[in-house]
Amino acid sequence: MSEFTATDHLLMARALRLAERGAYTTRPNPMVGCVIAHGDEVVGEGYHQRAGEAHAEVLALQAAGERARGATAYVTLEPCAHTGRTGPCADALVAAGVARVVAAMRDPFPQVDGAGFDTLEAAGIRVTHGLMEAQARELNRGYLSRLVRGRPWVRVKLATSLDGRSALANGESKWISGEASRHDVQHWRARAGAIITGAGTVLADDPSLTVRLGDDTPFEPPLRVVLDAGLATITRGRVREGDAPTLYIHAPDTKLSRGISAQLATVAVKGGRFDLHEVLALLAGRGINEVQVEAGATLAAAFLEAGLVDELLLYIAPVLMGSQARPLFDGLNIEHMTDKLQLDIIETRRLGDDMRVLLQPRRDDAVVASGGR
């Protein structure tokens with residue numbers, strides 16, 4: 001018999017929906033929601049809205065006031081037990097007199113990782129966790145990836161024709177997908193901590209790589225990252241414009257011109273290619289949880305070949321571009337059917353005339369399922 005009731009499931013689902021409201025603003029922190037209730041009566045709720053501001057538990061306790069005493073707190077992640085930019089949430093729950101805490105999952109952050117539960121239990125609070133854990137892990141897959149694997153969650157976004165082409169032979173690719181798809185991409189960009197592109201894409205397409213939601217939805221502009229070994233694009237392109245920050249990653253031996261004011265970082269280049277593992281480790285060190293790769297066929301294939309793609313966001317337009325057009329991936333050397341890359345279709349959605357397909361490589365990757373432990 002499950003230790004969780006139908007009411008527990010209902011209120012944890014509510015906490016998860018609250019947590020998701022912070023998808024565009026909480027990074028590098030995880031998304032967290034909290035609901036405080038007596039039975040099925042909700043007396044307070046909240047979600048973490050922005051790094052450095054009050055955590056979900058504190059906001060929910062403030063809403064509940066004295067009614068928090070003797071209540072159950074449903075929280076999507078283990079309450080923190082350390083002082084960072086805010087105080088420990090575990091201590092706040094103890095001080096408020098809650099009787100029970102139900103958490104979706106343990107927090108692998110080294111300064112928490114069980115310490116929050118220990119604080120609560122030491123104060124006599126009944127603690128259970130694991131309710132809707134899979135959903136909680138999926139919600140914070142980028143945060144978990146950074147902590148457990150030391151690299152962000154990687155999503156590669158591509159637009160393609162029905163015959164698997166991403167651009168004409170001359171490089172022209174605007175616009176394969178329709179307006180609805182282009183608007184949809186903005187929401188995926190908004191949840192990414194960084195958007196990666198290559199120098200070739202900057203030169204050919206001159207993208208701005210900014211977020212344009214078209215409403216008042218708050219978001220933190222993602223870091224724009226240009227992989228440019230020789231800094232050929234350092235003084236050109238819309239990727240330098242606007243409020244979003246831009247980081248240029250170049251080869252260690254590149255000679256820098258005077259007067260360059262851009263953010264710069266070096267990563268090793270092997271065989272004419274950046275070490276993409278090192279690129280991602282560098283971004284993880286900057287607190288990046290998720291990256292979205294918006295690049296040409298060669299760089300997209302390089303991420304895939306390196307086994308670094310966690311999600312493939314594919315917009316399929318009902319058009320044909322012919323055999324002379326450029327392929328979706330360029331450089332994947334697969335000679336035998338036994339070596340083919342198998343992907344699982346996670347979701348499909350119609351967007352105007354296009355179809356959006358979200359896929360994940362089929363491999364033994366325990367980050368979302370079990371936190372890699």
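What follows is a short conversation about a sheet and two helices in a predicted model.

Residues are numbered from 1 along each chain as its sequence is written. In this predicted model, local features need pLDDT of at least 70 and side-chain atom pairs count only at pLDDT 80 or more, while totals for chains, interfaces and linings use all residues; side-chain values use heavy atoms, without hydrogens and water.

Visitor: Which strands are the edge strands of the open sheet?
Guide: Happy to trace that with you: strands here are DSSP runs of E, at least two residues, and helices are runs of H or I, at least four, numbered from the N terminus. Two strands pair if DSSP finds at least two bridges between them. Nine strands line up as β11-β10-β9-β8-β14-β6-β15-β18-β17, with mixed pairing. Pairing on one side only marks the edge strands, β11 (263-266) and β17 (343-351).

Visitor: Which residue in β15 stands opposite Lys-157?
Guide: Let's look at β6 (residues 153-160) and β15 (residues 311-316), which run parallel and are joined by six bridges. Opposite Lys-157 stands Leu-313.

Visitor: Are α3 and α4 roughly parallel or roughly antiparallel to each other?
Guide: Good one! The axes, lines fitted to C-alpha atoms over the stretch in contact, give angles from 0 to 180 degrees between N-to-C directions. For α3 (residues 89-96) and α4 (residues 115-122), the axes come within 9 Å and cross at roughly 20°. Angles under 35 degrees count as roughly parallel, over 145 as roughly antiparallel, 65 to 115 as roughly perpendicular and the rest as oblique; α3 and α4 are therefore roughly parallel.
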